[in-house]
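Please look over the model shown below, with attention to how its chains are arranged and where its ions sit. The report that follows takes up burial and the ion sites, then the symmetry and the interface.

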2 protein chains.
Amino acid sequence: RPCIDEEDVDDAWQDEEYFGSYGSLKLHLEMLSDKPRTETYREVVLSNRHCLEGRVVMDLGCGTGIISLFCARLAEPAAVYAVEASPMADQTRELVTRNGCQSVVSVFKGRVEELALPGKVDVLVSEWMGNCLLFEFMVESVLLARDRWLKEGGMMWPSSAALSLVPCQAEEEYRRKIVFWEKPYGLDFSCLKSLAQKEFFSKPKFSHEMKPEDCLSAPCDVLTLDMHSLQIPDLEKLKGEFCFRVEKSGTFHGFAAWFSVQFQSLDEVGPTLELNTGPHHPLTHWKQTLLMLDSPVFLHQGDSLSGMILLHRNPVWRRHMTLSLHWTIRSTQDSEACKTGQKSFPMWR
Amino acid sequence: RPCIDEEDVDDAWQDEEYFGSYGSLKLHLEMLSDKPRTETYREVVLSNRHCLEGRVVMDLGCGTGIISLFCARLAEPAAVYAVEASPMADQTRELVTRNGCQSVVSVFKGRVEELALPGKVDVLVSEWMGNCLLFEFMVESVLLARDRWLKEGGMMWPSSAALSLVPCQAEEEYRRKIVFWEKPYGLDFSCLKSLAQKEFFSKPKFSHEMKPEDCLSAPCDVLTLDMHSLQIPDLEKLKGEFCFRVEKSGTFHGFAAWFSVQFQSLDEVGPTLELNTGPHHPLTHWKQTLLMLDSPVFLHQGDSLSGMILLHRNPVWRRHMTLSLHWTIRSTQDSEACKTGQKSFPMWR
Ligand SMILES: [Ca+2]
Ligand SMILES: [Ca+2]
């Protein structure tokens with residue numbers, strides 16, 4: 001355990017900052033304006049409406065209460081417990097009443113650890129996903145809620161989650177942040193290139209909008225989490241492997257990461273629905289996360305790129321983690337050639 | 001003077017935060033990547049190259065030293081004093097050497113108040129402009145430098161500056177931040193509209209990219225500053241007037257503000273060059289600033305919109321100010337009709 005002083009440890013979850021940011025409308029507007037995200041949750045409720053009849057649902061971190069309202073308006077659950085720790089909860093109560101759902105939806109303002117519900121629930125629904133799936137670790141609250149409040153055999157929505165990775169080009173990003181320094185306005189600023197690389201590429205770039213054609217290979221699910229069996233201690237270190245076959249020659253500037261989540265049907269024969277935030281799907285507010293290499297590498301069609309990914313949760317700053325990548329490139333053109341690389345990205349501590 | 005405790009006052013200039021942000025490359029990259037901005041300064045040096053021969057130039061807040069390097073490479077000044085308070089100054093020294101300008105350009109690391117130069121200068125050039133021209137009040141450092149180091153009859157670049165204003169449409173902004181709450185996903189979220197208005201429209205929106213066709217009138221210069229005669233105490237309260245004639249009917253969502261700066265020629269007959277950050281000119285990194293009304297008003301062609309603007313510098317937080325607008329709309333259609341309005345925008349305190 002790293003040596004830090006007590007004052008710091010008190011704030012290891014940075015809850016004031018975290019919940020404070022959900023007290024204003026900005027983040028809620030961003031999430032609600034994200035149609036692929038919000039409509040997937042609506043679709044999940046709608047396609048399970050018959051099975052939801054008479055069931056009890058918990059909507060954890062409900063924000064404005066949109067998912068709870070979908071449940072109350074599109075199905076006939078016995079009760080919906082809408083749980084929100086941020087000051088937004090007061091608005092949520094009003095929204096529930098305004099939309100005539102007060103007999104079904106009850107808003108509980110508070111954190112999951114202090115929650116006192118009337119009883120256990122049949123379904124636990126939550127939109128807890130962050131950048132690279134886990135960032136900010138709201139998932140821990142969801143697992144706590146599951147272990148305390150979900151009935152035996154109850155349903156988690158999402159029921160599974162995956163982190164996807166792909167080697168990619170990021171020509172524009174590289175040109176604007178690195179190549180730029182070579183000769184701006186006819187001057188030699190190239191001595192700033194290594195500084196730029198450290199400043200811009202040490203951490204992941206969130207909200208990167210990549211094009212499908214930037215992918216040098218088919219993406220690969222490097223981690224999959226079963227939300228029914230996942231345990232909180234599992235989150236400390238998650239490890240995955242990948243093996244990509246390069247489909248088109250191009251410059252390997254880095255990896256792009258994103259997530260998908262799946263929603264199992266309550267009814268065994270119903271379809272599993274998915275929200276996929278990857279470049280081959282409609283853009284969400286998460287966009288993609290770009291992990292830039294220190295130096296780009298040219299890859300040829302047919303080359304293989306294999307390796308592993310490690311997500312190491314920060315033992316002190318509980319909402320943070322470090323994402324590490326190790327890889328080996330094997331050339332088809334020269335079967336002797338083999339290049340290895342590795343890089344670790346703090347997010348953020 | 002507002003009542004605040006001593007700890008706060010110590011930080012009234014927030015210099016650590018301010019200069020710290022210029023220690024990393026991010027802001028410098030943004031400024032250098034702004035071609036209209038950077039090329040205007042290059043053009044000013046280039047078109048004055050004959051007059052710069054043998055002159056002494058100070059480049060205040062030089063950043064990476066780009067303007068100093070333009071002077072040394074495109075003209076033959078006797079000396080250029082490149083002054084930078086942020087840690088960037090160390091990089092600037094290296095850039096000067098790399099570009100073979102060390103015999104002309106000397107880098108001085110430090111704040112203008114502590115500056116010890118070899119002597120006075122003929123030209124004081126600086127890129128000090130912020131949002132709504134004055135935000136962050138770097139201009140005060142420029143005036144201090146002028147009073148202490150500029151020779152009698154020396155030249156200030158820019159030599160004058162203006163703040164421009166125009167009544168405008170901002171349909172998309174209004175739709176996304178306010179109208180959105182009316183019926184998202186078929187639900188009634190309209191009780192959040194007043195909260196949204198407070199959260200999103202109380203302060204100016206920086207980096208607004210407006211289209212020329214969003215202007216409901218020709219713009220108006222509401223403030224003009226002569227950089228040779230402007231005094232530091234003048235900055236406490238600046239007042240301007242405007243009178244717009246509505247050129248096309250449309251929804252008056254707010255005012256857009258931006259600035260222009262002019263560079264007088266050293267030689268009396270040379271052209272005055274201008275950097276204009278308005279919507280009718282190429283986009284710069286400042287873009288425009290949007291000042292949204294609480295409620296939009298429909299204006300008809302021919303209506304007049306007159307009033308005043310007041311920039312009130314924060315007496316405690318010296319990099320901040322409040323921008324206040326008072327206006328009267330007079331209708332051509334109904335000569336009796338007359339609507340007044342007013343709104344104050346803190347930036348940020
Ligand atoms: Ca989230
Ligand atoms: Ca500036």
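A residue is called buried when its relative accessible area is under 20%, exposed when it is over 50%, and partly exposed in between, with a 1.4 Å probe and protein chains only. By that criterion Met129(A), at 5% relative accessibility, counts as buried, and Glu127(A), at 9% relative accessibility, counts as buried too.

This is a predicted model, in which local features need pLDDT of at least 70 and side-chain atom pairs count only at pLDDT 80 or more, whereas totals for chains, interfaces and linings use all residues. Residues are numbered from 1 along each chain as its sequence is written, chains are lettered from A and ligands numbered from 1 in the order in which they are written, and side-chain values use heavy atoms, with hydrogens and water left out.

The two calcium sites are set out here; donors are N, O and S atoms within 2.8 Å of the metal (3.2 Å for Na, K and Ca), and sites may look incomplete, since water is not among the atoms.

| Ion | Protein donors | Distance from ion |
|---|---|---|
| calcium ion (ligand 1) | Glu127(A) (OE), Met129(A) (O) | 2.9 to 3.0 Å |
| calcium ion (ligand 2) | Glu127(B) (OE), Met129(B) (O) | 2.9 to 3.0 Å |

In chain B, both Glu127(B) and Met129(B) are buried.

When the copies are superposed by least squares on the C-alpha atoms of residues with pLDDT of at least 70 in both, chain B falls on chain A after a rotation of 180° with 0.0 Å of shift along the axis, at an RMSD of 0.0 Å. The two copies are thus related as by a two-fold rotation axis. Within chain B, the residue that comes closest to this axis is Ser207(B), whose C-alpha lies at 9.0 Å.

Taking contact to mean heavy atoms within 4.5 Å, 37 residues of chain B are in contact with 37 residues of chain A. Because 100% of the interface residues of chain B are also interface residues in chain A, the copies meet through the same surface. Buried area, the accessible area (1.4 Å probe) that two parts lose on being put together, summed over both, is about 3300 Å² between chain B and chain A, and carbon and sulfur atoms give 73% of it. On the side of chain B, the residues that lose the most area to chain A are Leu25(B), Leu29(B) and Tyr185(B), together 23% of what that side buries.
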